[in-house]
Structures are given as structure tokens and as C-alpha cells.
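Here are a few notes to help you find your way around this one. Have the structure open as you read.

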Amino acid sequence: MASAALLLLLLPFALFCQTLAQTPAAPGPSPPGPINLTGILSEGGQFSTFIRLLNESRLITQLDNQLNNSQGGGLTILAPTDNGFNSLRPGALNALDDQQKSQLLLYHVLPKFYTLIELQTVSNPVRTQAGDWGLNFTGQANSNQVNVSTGIITAPINNKLREQSPLSIFVVDQVLLPDALFGNHTAAPPKAPAPGTDKAPVDGETPPKSDAAKPPANDKSAVTKNGVGLGLILSFGLIVISVVS
């Protein structure tokens, strides 16, 4: 009797354990999807020009592939706002060829993931995706403010659109102008010819006559003297003939 009562007491517990064993485990968190740089920038609402240029140059695909490569070190993008592009002097972008435009865009991309705090103490210059064209970062004491300098302009980093590995996107209100494209690299004027050096004639211009082509001044006086002497001889001869006759 006691055994039957014990079995009745244990039966609910056994049924509960069986039900628990048959319950499927809750699925784990799904892996994050691929990073869509265009989508992130579009959510910012002020990068339409930057997005358009990245798409026209086909760099957006290259950057997306780098971000979604598990072997990469991430990227840091300094995204110029539409106001930054609008503040450029007229024709500044149109004066660049396609390769130079791509270099300008890649100048805004660092080939590594940085936080804003890390940029305050990073070793300058920081290499960019444009190659040897570097950027200098300076931080202000007791502040999260970071400035970025190209050698031509210095712009503050005003905000962060994203700061999560493998991608940081920081907002700048100016287009970062590399010295290699926008610096004042005027050629030195040609040296003036030394005194006495003959100047090469320009097309259509009559070359100056050389002094060697001019007859000597003494030749004219000699011809004059010879003419006078011959006249005197002829006059004397006529006088003699008239006397004899």
C-alpha cells in the first residue's frame, strides 16, 4: 500500500521530466547579417553626395567586401556631409578625373577600426586607403573632441554615426582635401636668358638680322672716295684734249 502511494506521488514528477526532455531547446542568436555601408550612411540623412560618389566610383562594393571579410582589420570612415561638399569652390570636383576622385574618397577611409578615444592618441600621420596620403589627428585635453588635419584644412569630428567593430563612421562637416590634389604646386618660372644670348625666333616672327650681315660702314666711304677720284681724272683728260686741239 505504501509503495502504491509512493508511485502515485512520483508519477507527476516523472511526467514533468519527460515533458521537459521533449521540449526543444530555444535557438541561439542568429549571426549578424552583412554590413551594408550604403544603408548605414542613408540612415544618417546627410550623406547623399558621399553615397553618390562612392557608387559612381564603385568603391562602395570594395568597402563592403572589406568590411564583411572576417580576416580584415575593419575600417574607419570620415564621412563628409552634404554641406561639406556644397562648401567646396565651384568646379573643384569636376576638375578631377575619375582616378583622382577615387583617391579623394579613399582619403576619407582608414584601413583599420578606430574608436574616437583611440584617435586622440594615435601616432601621426595615419595612413589612409589612398596610399601614402596620411591624416593627422589631435585631441583636446579633458574632452572627447578630435580634430583631423590634411595640411590644407583642419576639421573637427562632430559626431559618430557608428562605433562598433568592424566599422566606425565619424561625421566631418568639410571635405578632407589632400595636399597632393589641392595644394599649391606651381612650377618655377623659367630662367631669363643671359644677356647677349640670341633669342630663338617665335613661329611667324622674322628673326633679327645679325650684325655680320650689315656691310661695314667704311666700305661706303671708300666707294665715295673712288668715285670722286675717277671724276677728277676724266675732267683733267677733257681739258688736255681741248688744249691740244
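In what order do the seven strands form the open sheet? Bear in mind while looking that this is a predicted model.

1. Going across the open sheet, the order is β2-β1-β7-β6-β5-β4-β3, and the pairing is mixed. At the edges sit β2 (109–110) and β3 (126–128), each of which pairs on one side only.

2. Start from the β3 edge. Strand β4 covers residues 131–139 and runs antiparallel to β3, with three bridges joining them. A hairpin of two residues links β3 to β4. If you want a spot to click on, Thr128 stands opposite Gly131 in β4.

3. Next along, β4 pairs with β5 (residues 146–149), again in the antiparallel sense, and here there are four bridges. Look for Asn136, which has Ser149 in β5 opposite it.

4. Now for β6 and β7. Strand β6 takes in residues 154–164 and strand β7 residues 167–172; they pair antiparallel over six bridges. Gln164 is a handy marker here, standing opposite Leu167 in β7.

5. A general tip for reading the strands: side chains in a regular strand alternate between the two faces of the sheet.

6. Away from the strands, which residues does Leu93 touch, leaving aside its neighbours within four places in sequence? They are Leu53, Phe85, Leu88, Lys101 and Leu104. Leu93 itself lies in the loop between α5 (82–86) and α6 (98–106). Take Leu104 from that list: it is 11 residues from Leu93 in sequence, and the C-alpha to C-alpha distance between the two is 9.5 Å.

Definitions and conventions. Residues are numbered from 1 along each chain as its sequence is written. This is a predicted model: local features need pLDDT of at least 70, side-chain atom pairs count only at pLDDT 80 or more; totals for chains, interfaces and linings use all residues. Side-chain values use heavy atoms; hydrogens and water are left out. Two strands pair if DSSP finds at least two bridges between them. Contact means heavy atoms within 4.5 Å.
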